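Please read this briefing alongside the sequence and the 3D structure. The points are grouped by topic.

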Amino acid sequence: MTDTRIERLAALLVDYSLELREGKVLRIDSLDAGSPLVLALYGAALRAGGLPYTNVSLSGLGEALFQYGSDEQLTYLSPIQWEEIEHLDALVTIWSESNTRAFSRVDPTRHAAYIAAQRKLSNRRWERISSGEMSWCGTLYPTNAHAQEAEMSLAEYEDFVYAACHVHEKDPAAHWRAVSSQLKARAAELGGVRELRILGPETDLRVGVEGRSWLAADGRYNLPDGEVFTSPLETETEGEIRYTFPAVYHGREVEDVRLRFEGGRVVEAEAARGDDYLQSLLEMDAGARVLGEVAFGLNYEIDRFTRNILFDEKIGGTMHLALGSGFPQSGGQNTSGLHWDMICDLRREGEVHADGELIWKDGRFLADPVLEMVESRVRG
Amino acid sequence: MSSDRVLRLADVLVGYSTRVREGDLVCIDTGPAAAPLIRELWRRVLEAGGHPQLRLDVDGAPELLLREGSDEQMSWVSPLRRAEVEKADVRIAVYADVNTRANSGVDPERQARLERAHDPIRRIHFSRVASGDLRYVVTLYPTLAAAQDADMSLSDYEDFVFRAGLLERDDPRAEWEALGRAYGLVADRLGRHAEIRVVGDGTDLTLGVNGRTWVASDGRENFPDGEVFTGPVESRVDGTISFTYPSSHAGRRISGVKLEFRGGEVVRAEAEEGETFLREMLALDEGARRAGEFAFGLNEALTEFTGHTLFDEKIGGTVHLALGASYPETGGQVQSALHWDLVCDLRNGGEVYADGELVYRDGRFLDGVV
């Protein structure tokens, strides 16, 4: 029996996220475990008049590349992949792991070399995405491995994922359109703020954001989605922050991270577990000690930590502040090789002040955004 | 299949059939049911210094396209497929069907259209294989669906597939090389003749083969293997041929096919089962009514029909004829989106004459070359 939520997620991706039009080429990337969603997407794309094709691989082959491949094989980029990128109008990435810890034992140096090589391909992809030549959306198909990571049964995890995407409802696109205008209004409002002050347990951090653009993450690039984010001024972060959720980078967890910033840079850092890893990542390059992102998580269907950044960074009532690279489209200048999202839970006792005014308490903005602001900005 | 068997199969495919070398881009095309073989192929290709790339079929996707696709969607070829056939050094295709009859309810005319759309890809593939630019092998991973077609349990079918590949022998590569030399003798012998006449139950067909090359097929392009094939002279196929055993083609079952050729073209065609489909295939394009290939099956380890052409066409004592495209390396000229092998059993009273002389009876060459 087909889960209608899969069909709705597929239709939402095709019609809302990608806005796939007749005659447009869509590639669907997945591992074999994501096949039910691959097939539903393929059907939805056909019905939209698109030209879909599938690019499905088998779980376990990535690890084998590390195990048996030489350095040259590890960093090889196939001419087929280069050729394909130029032909795509749209791309969906379905994350659907059968073992989320498959790379745990891989040599970090080799892993870094692999990622650096793949980045050449993804840079070209992002070039085409940023210029509007192609659209992209990343989503997840629930597997036992992801459920296990989240400490849920598969059935519970499916409910969690599909509720977060709002595909348990009849008309998810209507929901996301409404979310989109809310988030855009909020982003426009935050665009007028010079400084945010974040107060919480062992947290008192001032983040300068003057002149930076806030962006609404409204289901175009990720499903689920639901955040507003920007890149803060690189030299204007002062104070300290304690991250209540474990900070995960490439599958490795660092617990109870505390950071102190001066003049935009981390000057003190400690973690209850994984401190060595934290210190080594801070040494990656000059930008690794500087924030690249500050964001509000606003998807209140996501109410718990599941060890997957696709969901965790959108937990309603949290903020995340990432160390490392920023977003050029926000005005961010940080070009670090690191982008490490760390999540701060502000749902119990948390306050955010904007230029001295309390705007957020215990995980909620105090007032709805004023929708007219969007229009005035557009006109301006 | 047990991991030991899978290992041996992967070893032969990578080390012998496609001879993967350092730097080769190796494209693997198959379905998820072949997962154990894929993992072993992946490892072997990496160990040989190649760059493996996998494209997995998604069960149900082709059927969706056949049922719901518009004209534009049906005639479109993905950039992945095109880039793969143009840029790969090696292709390994593995049949791993989970349902060999999934397309039974699909309009045959639409199937024909889909095949036509992929003709440009087929042409590139055939010509790169013929010129040696692309090394290609097709094999089968035993699935329940294929076992069901063969009227066998999965474990019996696995035994059958394993033995057909001579994989239980100490050195399968050496076995295939030796067989290749023996098949070469048959090819040499047939190459001396201008005309072949096949006579059997419901069959009396004469084919001109003057100037054409007979190719001995030794486990490199098909695995398992065992045939010598050529491309008959296009205007010189005359008479009738009846095909013995039902087969699954393009996701549906066909049986009792009987064809009459005149001047190289099919002038009459009938089938007990799947006749509409047969007619659509014959109407596919200009070349689909012609015999692009004629071949002798020579693999004595294969004795029973199993419903899969990869095996049936190699049964020692059979011949097969393909409607549609010929292989350029034989000198055959037929161009078509179709290449459909149909098998005729000659083990019970069948005869073959070469330039009028009886050379083959009851499924064997009389001078015992094989």
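The notes below cover the chain contact, the overall build of chain B, two sheets and two helix pairs.

This is a predicted model, in which local features need pLDDT of at least 70, side-chain atom pairs count only at pLDDT 80 or more, and totals for chains, interfaces and linings use all residues. Residues are numbered from 1 along each chain as its sequence is written, while chains are lettered from A and ligands numbered from 1 in the order in which they are written.

**Contact between the chains**

- Chain A contributes 31 residues and chain B 31 residues to their mutual contact, where two residues are in contact if their C-beta atoms, placed from the backbone, lie within 7 Å.
- On the side of chain A that touches chain B, at least two residues each come from helix H2 (35–47), strand S2 (51–57), helix H3 (61–68) and helix H5 (79–85) of chain A. H2(A) gives the most, with 7 residues.
- Helices (H or I, at least four residues) and strands (E, at least two) are DSSP runs, numbered from the N terminus.
- By class, this side of chain A has 15 nonpolar, 12 polar and 4 charged residues. Ala, Val, Leu, Ile, Met, Phe, Trp, Tyr, Cys and Pro count as nonpolar, Asp, Glu, Lys and Arg as charged, and the others, Gly among them, as polar.

**Chain B overall**

- Chain B contains 12 helices and 19 strands.
- The C-alpha trace of chain B spans about 50 × 50 × 40 Å along its principal axes.
- Chain B has a radius of gyration of 20 Å, which agrees with the value near 21 Å for a compact globule of 370 residues. The radius is taken over C-alpha atoms, and the globule rule is 2.2 Å times the number of residues to the power 0.38.

**Sheets**

- In chain B, 8 strands form an open antiparallel sheet in the order S13-S12-S9-S6-S5-S17-S18-S19. Two strands pair if DSSP finds at least two bridges between them.
- Strand S13 (265–270) and strand S19 (364–365) of chain B are at the edges with a single partner strand each, so one side of each has no neighbour in the sheet.
- Strand S18 (residues 357–361) of chain B and S19(B) run antiparallel and are joined by 2 bridges; Tyr360(B) has Phe365(B) in S19(B) as its bridge partner.
- Chain A has an open sheet of 5 strands, with antiparallel pairing and the order S7-S8-S14-S15-S16. Its edges are strand S7 (215–217) and strand S16 (339–345) of chain A.
- S7(A) pairs with strand S8 (residues 227–230) of chain A over 3 bridges, in the antiparallel sense. Leu215(A) is opposite Phe229(A) in S8(A).

**Helix pairs in chain B**

- Helix H1 (residues 3–17) and helix H10 (residues 172–190) of chain B have axes that come within 10 Å and cross at roughly 55°. Axes are lines fitted to C-alpha atoms, for helices over the stretch in contact, and angles run from 0 to 180 degrees between N-to-C directions.
- H1(B) is therefore oblique to H10(B). Angles under 35 degrees count as roughly parallel, over 145 as roughly antiparallel, 65 to 115 as roughly perpendicular and the rest as oblique.
- Arg8(B), Val12(B), Gly15(B) and Tyr16(B) in H1(B) meet Pro172(B), Arg173(B) and Trp176(B) in H10(B).
- The axes of helix H6 (residues 108–117) and helix H11 (residues 275–282) of chain B cross at roughly 30° and come within 9 Å, so H6(B) and H11(B) are roughly parallel.
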